[in-house]
Amino acid sequence: MIKIMNMNMKVFIPFCLLAFLPFHSIAAASEASMDAGWQAYQAGDYDQAFDVFSEMFKQEPENADINFALGMAAFQKGKLSHAAFAFERVLMLDPENQRARLELARTYSAMGMYDEASDLFQRVLDAEPPPLV
């Protein structure tokens, strides 16, 4: 019985270790993609940034950081409804994210939704965010 158990453990342990490899690879690829997207954004290549963040969103639609990045790129491309939806998703995932609330207010303002924008700007001010927000 011990011989059989040892044989099973020889198969089981490597199998368990392999289960962690894809996650690590996905996380590393996601981080590299996020970096590439922000580099494109900083360089003013909003089309590329939007494409990178859109692909990432397809893989992780519940990721607040990806939604925020997608919203920022969409805003710069003039895709205001896309930007608004992205910032709204961030706030659904992280209701205290004042930066996303500020960007949503800015997006609403650009869309001509001044009452909604004003309400959000006021909520940001009421929250006394850090100076960089």
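## Salt bridges within helix H5

In this predicted model, Arg99 and Glu103 form a salt bridge in which the closest N and O atoms are 2.9 Å apart. The two residues are 4 residues apart in helix H5, so about one helical turn separates them. Glu103 also pairs with Arg106, and here the N to O distance between the side chains is 2.8 Å. Glu103 and Arg106 both lie in helix H5 as well, 3 residues apart, which is again about one turn of the helix. Arg99, Glu103 and Arg106 are thus linked in a network of salt bridges.

The members of this network can be described by their accessibility. Glu103 has a relative accessibility of 5%; because the cut-off for buried is under 20%, Glu103 counts as buried. Arg99 is partly exposed, with a relative accessible area of 33%. Arg106 is also partly exposed, at 30% relative accessibility.

## A salt bridge between helices H2 and H3

The whole structure contains 4 salt bridges. One of them joins Asp47 to Lys77, with the closest N and O atoms 2.5 Å apart. Asp47 lies in helix H2 and Lys77 in helix H3, so this pair ties together parts that are 30 residues apart in sequence.

Asp47 is partly exposed, and its relative accessible area is 44%. Lys77 is partly exposed too, with a relative accessible area of 30%. Side chains of opposite charge can pair when their charged atoms come close.

## The largest nonpolar core

The largest nonpolar core has 27 residues, and Phe53 and Leu104 touch the most other members. The elements that give two or more residues to this core are helix H1 (2-42), helix H2 (46-59), helix H3 (64-77), helix H4 (80-93), helix H5 (98-110) and helix H6 (114-126). Helix H3 supplies the largest share of the core, 8 residues.

## Contacts of Phe53

Phe53 falls within the range of helix H2 (46-59). With its neighbours within four places in sequence left aside, Phe53 is in contact with Met34, Gly37, Trp38, Ile66, Ala69, Leu70 and Ala73. Of these partners, Met34, Gly37 and Trp38 fall within the range of helix H1 (2-42). Ile66, Ala69, Leu70 and Ala73 fall within the range of helix H3 (64-77).

Technical notes: Residues are numbered from 1 along each chain as its sequence is written. This is a predicted model: local features need pLDDT of at least 70, side-chain atom pairs count only at pLDDT 80 or more; totals for chains, interfaces and linings use all residues. Side-chain values use heavy atoms; hydrogens and water are left out. A nonpolar core is a set of buried Ala, Val, Leu, Ile, Met, Phe, Trp, Tyr and Cys residues joined through side-chain atoms within 4.5 Å. Buried means under 20% relative accessible area, exposed over 50%, partly exposed in between (1.4 Å probe, protein chains only). Contact means heavy atoms within 4.5 Å.
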